Amino acid sequence: SRAFPEQDVYTTPVYFSSDWLNEYWDAVAVDDFRFVYMGPKGSWTPFHADVFRSYSWSANVCGRKKWLLYPAGQEEFLKDCHGNLPFDVTAPDLQDKRIYPRYSQSQPPLEIIQEAGEIVFIPSGWHHQVYNLEDTISINHNWVNGCNVAVMWSFLQDELAAIQREISQWKEPMEDWHLQCQLIMKSCTGIDYKEFYNFLKVIAENRISILEKGLDEESSSQNNSKAAISTLGMLHAVFDLKRTVKVLSSLRANEDFRKLDLTSLSPSPEALLQHLESAIDTALL
């Protein structure tokens with residue numbers, strides 16, 4: 001698909017087309033969160049939740065999969081006495097109350113058998129384990145949009161707090177302790193607070209551009225992020241801006257964000273917020 005974009009190998013279903021995650025990573029031309037998974041019969045994916053607590057969708061091109069899914073929050077009952085999640089939720093060790101003291105409080109997983117030609121949608125924060133029942137090929141996207149960007153922001157705050165606890169003993173002797181926490185967060189999670197700001201900025205500016213200038217015919221005919229926004233409509237662009245304002249306001253007020261050198265951010269968080277609010281007001285007139 002990357003090498004031959006003119007081939008239109010596949011099209012993202014409209015239900016999943018408001019995809020901020022891949023829209024941003026396409027814009028910075030680093031990588032993306034689109035994958036093809038291929039596995040033989042008997043291969044499986046250990047228990048996990050998706051990157052940044054994003055949504056995901058998985059379309060079977062061929063083969064069959066079995067999914068074990070736990071709604072967000074249920075994973076707390078599956079942690080061992082040290083707070084670690086299991087590698088395999090079917091392992092007999094989970095029955096041992098000395099190791100997994102809260103396992104008996106968990107709900108049974110939702111079990112799905114996915115056939116060829118079917119798509120499974122995974123909500124934010126749903127931990128899951130997946131088995132290939134046959135030789136299987138699937139197309140998968142991780143994605144974030146206005147409906148779960150606040151979940152992503154909460155996840156990033158939790159990740160930073162965990163890092164700060166882990167290296168708290170170095171807070172006093174280390175002059176750049178807050179920067180080191182951001183660096184560790186970036187290496188472990190894939191994003192830090194400054195990049196999260198740029199993520200919100202790119203998404204917001206794309207929608208402001210469409211509200212102010214509309215779409216040209218060339219953009220609307222292509223299979224890209226601007227075309228997706230056009231398909232969803234102008235009111236959806238306004239909705240996205242409102243959600244961005246809410247999360248950006250929280251980021252701007254965040255103590256750890258404010259400790260960073262923000263002079264490199266252009267525009268400043270304050271100026272971007274004003275621009276977004278003005279664009280929303282104008283669009284709703």
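## Rings, charges and strands: worked exercises

At 38% relative accessibility, Phe121 counts as partly exposed. On this scale, buried means under 20% relative accessible area, exposed means over 50%, and partly exposed is in between (1.4 Å probe, protein chains only). Residues are numbered from 1 along each chain as its sequence is written, and side-chain values use heavy atoms, with hydrogens and water left out. You're looking at a predicted model: local features need pLDDT of at least 70, side-chain atom pairs count only at pLDDT 80 or more, and totals for chains, interfaces and linings use all residues.

**Exercise 1.** Work out how the rings of Phe16 and Phe121 are arranged, then do it again for Phe196 and Phe199.

*Solution.*
- Start with the rule: rings of Phe, Tyr and Trp (its six-membered ring) pair if their centres lie within 6.5 Å; planes under 30 degrees apart are stacked, over 60 edge-to-face, and the rest tilted.
- A search of the whole structure turns up 21 aromatic pairs.
- For Phe16 and Phe121, the ring centres are 6.2 Å apart and the planes sit at 15°, so this pair is stacked.
- Now find them in the chain: Phe16 is in the segment before H1 and Phe121 is in strand E6 (residues 119-122), 105 residues apart. (Helices, H or I with at least four residues, and strands, E with at least two, are DSSP runs numbered from the N terminus.)
- Phe16 has 10% relative accessibility and counts as buried.
- Next pair: the ring centres of Phe196 and Phe199 are 5.9 Å apart with planes at 20°, so these two are stacked.
- Phe196 and Phe199 are three residues apart in helix H4 (residues 193-213), which separates them by about one helical turn.
- Both Phe196 and Phe199 are buried.
- Finally, ring pairs link a cluster whose members include Trp20, Trp25, Phe196 and Phe199.

**Exercise 2.** Find out which residues of helix H1 are buried.

*Solution.*
- Helix H1 covers residues 20-28, and its buried residues include Trp20, Glu23 and Trp25.
- Step just past H1 and you meet Ala29, which takes a positive phi of about 55°.

**Exercise 3.** For the salt bridges of Asp26 and Glu195, name each partner and give the N–O distance.

*Solution.*
- A salt bridge needs a side-chain nitrogen of Lys or Arg within 4 Å of a carboxyl oxygen of Asp or Glu; the structure holds 10 of them.
- Asp26 goes with Arg34, with the closest N and O atoms 2.8 Å apart.
- Asp26 is partly exposed at 39%, and Arg34 is partly exposed at 28%.
- Glu195 goes with Lys186, and here the closest N and O atoms are 2.4 Å apart.
- Glu195 is buried at 13%, whereas Lys186 is partly exposed at 34%.
- Elsewhere, salt bridges that share partners join Glu23, Arg207 and Asp240 into one network.

**Exercise 4.** Put the four strands of the open sheet in order and pick out its edges.

*Solution.*
- Two strands pair if DSSP finds at least two bridges between them.
- The order is E2-E7-E4-E5, with antiparallel pairing.
- E2 (44-48) and E5 (110-114) each have a single partner strand, so one side of each has no neighbour in the sheet: these are your edges.
- Further in, six bridges join E4 (residues 65-70) to E7 (residues 127-132).
- For one example, Lys65 has Asn132 in E7 as its bridge partner.
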